[in-house]
Amino acid sequence: MQAQQIADFLSGRLIGNPARDITGAASLLKAGPADLSFIEDAKYLDRAGQCRAGAVLAGQFAAGGVPGLESTLIIVNTPRLAFARAVAFIADSGRTPSGVHSTAVVDASAQLGAQVSIDAHSVIGRHVRIGARTRVGPGCVLFDDVEIGEDCELIARVTVYSKTRVGHRVVVHAGAVLGSDGFGFAKDEQTGAYYKFPQIGRLEIGDDVEIGANCTIDRAALDATVIAAGAKLDNMVHVGHNVQIGRNVVISAQAGIAGSSVIEQNVVVAGQVGIADHVRIEEGAILGAQCGVPSHKVIRGNGAIFWGTPARPIREYLKELAALARLAKKR
Amino acid sequence: MQAQQIADFLSGRLIGNPARDITGAASLLKAGPADLSFIEDAKYLDRAGQCRAGAVLAGQFAAGGVPGLESTLIIVNTPRLAFARAVAFIADSGRTPSGVHSTAVVDASAQLGAQVSIDAHSVIGRHVRIGARTRVGPGCVLFDDVEIGEDCELIARVTVYSKTRVGHRVVVHAGAVLGSDGFGFAKDEQTGAYYKFPQIGRLEIGDDVEIGANCTIDRAALDATVIAAGAKLDNMVHVGHNVQIGRNVVISAQAGIAGSSVIEQNVVVAGQVGIADHVRIEEGAILGAQCGVPSHKVIRGNGAIFWGTPARPIREYLKELAALARLAKKR
Amino acid sequence: MQAQQIADFLSGRLIGNPARDITGAASLLKAGPADLSFIEDAKYLDRAGQCRAGAVLAGQFAAGGVPGLESTLIIVNTPRLAFARAVAFIADSGRTPSGVHSTAVVDASAQLGAQVSIDAHSVIGRHVRIGARTRVGPGCVLFDDVEIGEDCELIARVTVYSKTRVGHRVVVHAGAVLGSDGFGFAKDEQTGAYYKFPQIGRLEIGDDVEIGANCTIDRAALDATVIAAGAKLDNMVHVGHNVQIGRNVVISAQAGIAGSSVIEQNVVVAGQVGIADHVRIEEGAILGAQCGVPSHKVIRGNGAIFWGTPARPIREYLKELAALARLAKKR
């Protein structure tokens with residue numbers, strides 16, 4: 001790909017050689033002549049001047065050029081975001097479909113879009129529908145009636161339970177389990193034994209979602225668990241049955257969300273947070289690492305930060321910590 | 001299946017058409033004419049009267065009939081429990097064995113019971129024994145000398161280490177790992193290096209256990225890790241080596257139990273709870289979400305609820321939280 | 001293997017029959033005539049005298065012999081460590097390579113060392129290099145350009161992302177994911193949408209590392225995530241991008257380490273600990289179960305123990321707990 005194509009894609013202004021051939025990306029220190037790199041701040045101008053990258057993205061602070069720079073320069077408004085978008089753009093252009101591998105087991109009733117790839121040892125059930133250009137990596141299992149949109153990537157060893165629906169441009173990392181049975185049982189009070197309550201709903205995942213390695217996301221008991229467009233889940237996140245996750249929600253590693261809770265859009269959930277059942281986290285709230293939200297609780301939104309178990313406004317929590325430390329020192 | 005068969009199975013009393021054909025189940029709102037549904041309380045009688053379900057389970061409160069209901073009515077004592085049992089009953093009747101898939105790799109010494117299914121790309125080791133009607137889903141690995149009972153389901157991509165024994169009617173969800181090596185090392189004090197302490201015991205799982213997606217359950221170092229009959233584990237639960245889990249214990253997602261701890265029967269462990277090594281949780285105790293039980297500690301049973309780290313009786317913990325909040329406000 | 005060979009390997013002193021045939025290992029109570037066992041303390045001498053083991057390891061306390069013992073006795077300095085080393089020695093001698101299974105999919109450009117085993121349904125990408133005697137168990141996926149050293153074991157269903165490098169004698173348990181994408185996004189402030197920040201670095205794992213079942217270890221964004229030699233990770237440990245883990249670090253189950261943190265050598269991390277991003281845990285520190293270390297914090301080393309969230313010296317934390325309990329009781 002030529003540097004000018006990248007500049008055009010980013011609506012950036014190119015300074016230098018527009019015909020540079022760019023095939024990869026790297027940090028400023030490691031970039032070679034076919035790599036794209038970026039600087040976020042004027043203080044890195046010196047370093048950029050000495051780099052070997054083929055092209056460098058920079059902000060308006062570099063609009064006058066970079067002394068010593070032999071690379072092509074592309075001026076954009078937000079270099080970090082532009083770099084992210086450009087690398088995805090380059091990667092997409094280099095991707096070629098590999099077709100259906102001879103060891104894949106694909107049911108005759110499955111419908112595969114144009115240029116779909118199904119890698120080795122994957123298993124595709126009855127009436128599965130997979131959109132154009134989607135890649136199902138090695139060792140995946142898609143049970144009956146699953147629908148996957150276009151331009152998705154299931155990296156490897158992903159399991160998708162029956163009836164799960166996945167949008168477009170969704171990335172699912174290795175070992176993730178989508179649409180597993182929720183944890184619901186009816187107790188026989190006479191014997192103490194638990195009978196499985198039917199988990200026969202489904203899971204719906206919107207466009208542009210990314211799901212980390214070894215996540216587990218349960219189907220609904222009777223209706224649908226929903227993960228809206230743009231949500232990003234880190235590794236080993238657990239999402240219980242009937243949970244509703246809003247647009248652009250970010251959830252860090254090892255957080256868990258119990259049944260029927262609602263996470264409104266733009267919420268940020270840090271690592272190892274625990275959210276009990278029937279909770280509502282309002283739009284834009286931020287839950288600090290390891291905090292715990294008890295059952296049926298509502299957490300205020302609007303950028304408020306919460307910490308501790310039970311989760312409380314961070315200022316309150318820090319005051320309590322300070323008061324406790326003083327109290328302990330008194331004796 | 002006819003409605004009368006379900007009523008007979010549940011020892012319920014049928015009102016209406018006994019010959020209704022029932023093939024599925026759904027919530028009252030979504031149920032169609034071939035679905036079973038249920039209501040738990042008289043306040044839903046109106047809604048039931050308008051539903052399109054083929055058959056509805058209800059309690060004695062509906063013994064006089066439901067105005068407007070065209071569905072068949074089945075009167076039982078505990079509608080929720082009855083619904084759970086009936087759905088399993090319907091599902092069992094619809095299940096047909098699929099045999100050994102041509103891509104499965106089954107050692108010649110393995111013994112498969114009647115109507116066992118081994119799905120695509122599964123691997124069955126030497127001297128494995130699998131009971132009648134058990135289904136091993138796609139991509140599972142059963143190492144040598146594993147024993148699985150009758151009517152089990154390993155959904156997909158389950159790994160079972162050698163010598164693990166699993167009872168009857170056990171369900172294991174995708175990505176679970178049964179019988180992995182425990183975490184035990186002997187330190188060479190001279191070099192600081194750790195040598196693996198032998199993890200050569202086994203894992204035993206009783207009847208009617210359910211194990212969630214991506215759980216990890218370690219074999220014992222030398223003897224046996226035991227999960228007794230009727231225990232239910234949610235997703236991503238970790239069970240260390242030599243742990244003993246009693247009958248009908250319920251463990252929610254992301255809880256972890258370290259080596260040699262004993263969880264007596266009927267204990268309830270909420271999400272993200274951490275139980276250290278050599279702990280005893282007495283019969284019927286309830287551990288609140290995210291609480292932590294330190295090494296060698298004994299937790300009283302009989303329905304007592306514990307919370308916090310270190311776990312303490314919930315009344316005590318709530319009093320401490322309140323006292324701390326007051327203290328912090330004073331300044 | 002003869003008892004004398006084990007004694008020689010351990011530099012121990014043999015008392016009794018040097019020609020005993022030893023093929024396994026077990027606890028004193030369960031050991032049979034072909035098993036090795038051990039006692040750590042003189043108080044078990046009686047029990048040892050009655051055991052049926054083929055050979056027993058014991059400390060200098062047994063140098064005068066064990067009354068009644070018919071087993072061969074091997075006197076060593078540290079019986080527990082010697083037992084660990086001996087069992088590994090016996091297991092290694094019994095291992096035979098099984099070659100490349102007919103269902104494995106191995107790219108023609110992959111380089112396999114002598115006596116490498118690739119089990120059923122594994123997938124080996126382009127330019128992968130695997131060292132001598134390494135075993136890749138069933139259902140593993142190794143993407144392009146992965147390098148694995150000698151004498152490693154990937155037990156089953158392990159996924160290794162491209163460019164990951166693994167040292168010698170590394171053991172990886174079932175379901176682990178090595179080198180997955182880190183969790184990094186650039187936010188478009190205008191739309192609220194997140195764009196994936198490139199995760200194009202790699203993961204490097206040193207010699208003698210053990211990685212538990214269903215762990216997830218992310219590659220670096222641009223450079224390398226590093227796990228140094230001798231580190232031991234329990235099940236379901238999460239390691240974020242760019243993390244550096246030192247030699248002989250021990251990390252218990254369900255702990256998580258966020259991006260760019262540094263864990264110096266000989267640190268011990270207990271179960272469910274959460275370490276935020278850009279943290280430094282100094283050499284030899286011990287983090288108690290479930291504790292939490294906030295972003296950018298430095299934790300003092302030298303055997304100091306920390307507990308609580310935010311993590312503080314354990315003495316301080318215990319004093320605070322005591323003070324709080326007293327305060328709550330006052331009312």
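**View 1. Helix 4 of chain B packs against helix 4 of chain C in this predicted model.** Two packed helices are described by the angle between their axes and the distance between the axes. Here the angle is about 90° and the axes are 8 Å apart. Angles of 65 to 115 degrees count as roughly perpendicular, so that's the word for helix 4 of chain B and helix 4 of chain C. In both chains, helix 4 covers residues 314-330.

**View 2. Now for the residues where helix 4 of chain B and helix 4 of chain C meet.** Chain B brings Lys319(B), Glu320(B), Ala323(B), Leu324(B) and Leu327(B) to the contact. Waiting for them in helix 4 of chain C are Leu324(C), Ala325(C), Leu327(C) and Ala328(C). How many of these residues are nonpolar, polar or charged? The split is seven nonpolar, two charged and no polar.

**View 3. Here's how the chains are related by rotation.** Two copies of a chain are related by a rotation about an axis and a shift along it. To lay chain C on chain B, turn it by 120° and shift it by 0.0 Å along the axis; the RMSD is then 0.0 Å. That's the relation of a three-fold axis. Chain A goes onto chain B with a turn of 120° as well, again with a shift of 0.0 Å and an RMSD of 0.0 Å. The copies meet through different surfaces, because only 17% of the interface residues of chain A are also interface residues in chain B.

**View 4. Cys215 is shown in chain A and in chain C, and neither view has a disulfide to show.** A disulfide is a covalent bond between the sulfur atoms of two cysteines. The structure holds zero of them over all chains. For Cys215(A), the nearest cysteine sulfur belongs to Cys140(A) and is 14 Å away. Over in chain C, the sulfur of Cys215(C) has its closest cysteine sulfur in Cys140(C), 14 Å off, which is too far for a bond. Is Cys215(A) buried or exposed? With a relative accessibility of 0%, Cys215(A) counts as buried. Cys215(C) is buried too, at a relative accessible area of 0%.

**View 5. Thr225(A) sits in strand 24 of chain A.** That strand runs over residues 224-227. Thr225(A) has 0% relative accessibility, so this residue counts as buried. Leaving aside neighbours within four places in sequence, Thr225(A) touches a list of residues including Arg202(A), Leu203(A), Asp218(A), Val239(A), His241(A) and Gln244(A). Ser261(A) is 36 residues from Thr225(A) in sequence, and their C-alpha atoms are 9.9 Å apart in space.

How values were computed. Residues are numbered from 1 along each chain as its sequence is written. Chains are lettered from A and ligands numbered from 1 in the order in which they are written. This is a predicted model: local features need pLDDT of at least 70, side-chain atom pairs count only at pLDDT 80 or more; totals for chains, interfaces and linings use all residues. Side-chain values use heavy atoms; hydrogens and water are left out. Axes are lines fitted to C-alpha atoms, for helices over the stretch in contact, and angles run from 0 to 180 degrees between N-to-C directions. Helices (H or I, at least four residues) and strands (E, at least two) are DSSP runs, numbered from the N terminus. Angles under 35 degrees count as roughly parallel, over 145 as roughly antiparallel, 65 to 115 as roughly perpendicular and the rest as oblique. Contact means heavy atoms within 4.5 Å. Ala, Val, Leu, Ile, Met, Phe, Trp, Tyr, Cys and Pro count as nonpolar, Asp, Glu, Lys and Arg as charged, and the others, Gly among them, as polar. Copies are superposed by least squares on the C-alpha atoms of residues with pLDDT of at least 70 in both. A disulfide is a pair of cysteine sulfur atoms within 2.5 Å. Buried means under 20% relative accessible area, exposed over 50%, partly exposed in between (1.4 Å probe, protein chains only).
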